[in-house]
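Hi,

Here's the structure I promised to send over. Have a look at it first, and my notes on what turned up are just below.

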Amino acid sequence: MTTVKQLPRRNEVPEALTWDLTKVFASDAAFETAFADVARQNQAIQKVQGTLGQSARALKNSLTQILDLFRALEKVYVYASMKNDQDTDDPKYQGYQAKVDSLAAQVSANVSFLDPEILAIDPQTLAKYLNDEPDLKVYQHFIDSITVNRAHVLEPQAEALIAAAGDAFNTASNTFGVLNNSDLKFPVVKDEQGDPVQLSNGVYSRLIESTDRSVRKAAFEGLYHTYDQFKNTLASTLSGEVKTHNYIAKAHHYQNARARAMASNHIPESVYDTLIEQVNAHLPLLHRYVALRKKILGLDELHMYDLYTPLTGEAPLSYTFEEAKATAKKALAVMGPDYLSHVSEIFENRYIDVVENQGKRSGAYSGGAYDTPPYELLNWQNNLNNLYTLVHETGHSVHSWYTRHNQPYVYGDYPIFVAEIASTTNENILTEYLLQTQSDPTVRAYILNYYLDGFKGTIFRQTQFAEFEHFIHQADGNGEPLTADMMSDYYGKLNARYYGPSIISDPQIALEWSRIPHFYMNYYVYQYATGFAAAAFLSDQIMQEKPQAREKYIDYLKSGSSHYAIDTMKAAGIDMTKPDYLIGAFQTFEQRLNELEHLLQR
Ligand SMILES: [Zn+2]
């Protein structure tokens, strides 16, 4: 029996290690007052319905009133959710969270007339309004982003029918969620000490990294044994989801589901195709990495369950929170004094909730709202992974700071497509800094492998998912039934092609499609891969001090959603419809793979 380390209660955590939410609201009473005010604004917004097309002035006033409501809601929302996250067992803040969730749902329903009313204004009239009313100018891009897909918007009655079927359309993904999160029962396997552990998706992700081969093998086989028993049901839920995507796209006169998904984020489809082409062209690099893994682990046969165990043992570096902040500041100094001043501001003003306590939400995030500082939630442990997490979340926080201080509220947030670029760029800068300052071969090998594993999991693996996702949507569009056997057959071959000849593509892995929640998110995964590659390119430019690289990067951080994501990245120096940024990322992967091969062969 191991003794369970007792976590402190929330009120036992030293104040200096908690976030200071009085900068959002001075007290809970102030929150209550603001909440009541948002509820009143929400009531008043119903009178705005039907006014947007009346005149240029009316359009401007109505948009302002709607955006003011969103802005005020955001602030009460983040206060309640951060209070709830710091101790989810506290009934007072559970109540706050429930209150803001319900208010947010009401606001969203009450304001659902916004897009249809703007689309109902005929294009000439809209252009005239924008021309006549100088105060409307600021909303030009916001209105454009609503009207740009006008050709795909149906008659109001047809849109209402499709919207009303929304719950029914969610059945496949809800059923998958219920099955995957609660109904599936996985077997009991043995851990490193020979003690029985109940397998679950969460426990699996830990056991598959075990250095004890029999543990990770048993976890792999046990997990897939369960999925295999339900493969026909899981094929049915995934098929149902794909059919829904295809149906909604077709109803809106899109060529296919991908065209619709990408048009709604204003990303050209060529970004997706270029990613898949380039990753395929560089698969030999992944094959080399897999071969190195086999050699270092000293295995006659490398199996799929040998892909996640650390190659270089336990992390040789450890940092206290104070040391981590100091290291992060040294690494990020290359971003220039202005960027660094915001890092210091975040580190020194209690914007971070540092340590774990009873009831605190797990994981890490960067949050806050337009009218608050950026806040970070961490669950600090003294290791290298946590230094990376700090640098990652601080990348989001500084991005938020620049956006919120340089854009009006309407553009004061950034699109998902560019969000992870800011955080991953910081991680890459940390990697480069550590490689420049650490000379011990063991330490260097650990850092290089950390980078290569991240690259493998984000660029190669997510692109493999993207390729599969597009295949099943196309197959369904062509009338092919998405059965378990058909999907497993394709996935098994795809997996063998990605990982190459040094690994045994175990039959179980062909079923991996059946357990990936992201396949229910309608063309989402490719953004992980494009974001990681874009960050590799940008951090490279900054580290090499290419002219204007830093300035252009900070302009990207300042731009929020004032332009389409693809144009924002173009201004930062990357044309994501072209292969160059991906080729650059693969070059970095190759250099680091070379060095790791060299180090480990000694
Ligand atoms: Zn992130």
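Arg592 sits in helix H25, which covers residues 580–600. Keep in mind as you read that this is a predicted model. With a relative accessible area of 8%, Arg592 is buried, since the cut-off for that is under 20%. Its side chain makes a polar contact with the side chain of Glu432, at 2.4 Å. Leaving aside residues up to four places away in sequence, Arg592 touches Thr431, Glu432, Leu435, Leu448, Tyr451 and Leu452.

Now for the metal. Which residues coordinate the zinc ion? They are His392 and His396, each through NE2, plus Glu420, which appears twice with an OE atom; the distances run from 2.1 to 2.6 Å. Along the chain, the donors follow the spacing H-x3-H-x23-E. His396 belongs to helix H18 (residues 384–406) and Glu420 to helix H19 (residues 416–437), so this pair ties together parts that are 24 residues apart in sequence.

Why does the arrangement count as irregular? The 4 donor atoms subtend angles of 53 to 143 degrees around the zinc ion, and a tetrahedral label would need all angles to lie between 85 and 135 degrees. For reference, the ideal angle for four tetrahedral donors is 109.5 degrees.

On accessibility, two of the zinc ligands are worth a look. His396 is buried, at 8% relative accessibility, whereas Glu420 comes out at 33% and counts as partly exposed.

Shout if you'd like to go through any of this together.

Cheers

Terms used: Residues are numbered from 1 along each chain as its sequence is written. This is a predicted model: local features need pLDDT of at least 70, side-chain atom pairs count only at pLDDT 80 or more; totals for chains, interfaces and linings use all residues. Side-chain values use heavy atoms; hydrogens and water are left out. Donors are N, O and S atoms within 2.8 Å of the metal (3.2 Å for Na, K and Ca); water is not among the atoms, so sites may look incomplete. Four donors count as tetrahedral if all angles lie between 85 and 135 degrees; four count as square planar and six as octahedral if opposite donors are over 155 degrees apart and all others between 65 and 115; anything else is irregular. Helices (H or I, at least four residues) and strands (E, at least two) are DSSP runs, numbered from the N terminus. Buried means under 20% relative accessible area, exposed over 50%, partly exposed in between (1.4 Å probe, protein chains only). A polar contact is a pair of N or O atoms within 3.5 Å; within protein, one must be able to donate a hydrogen and the other to accept it, and residues adjacent in sequence count only if both atoms are side-chain atoms. Contact means heavy atoms within 4.5 Å.
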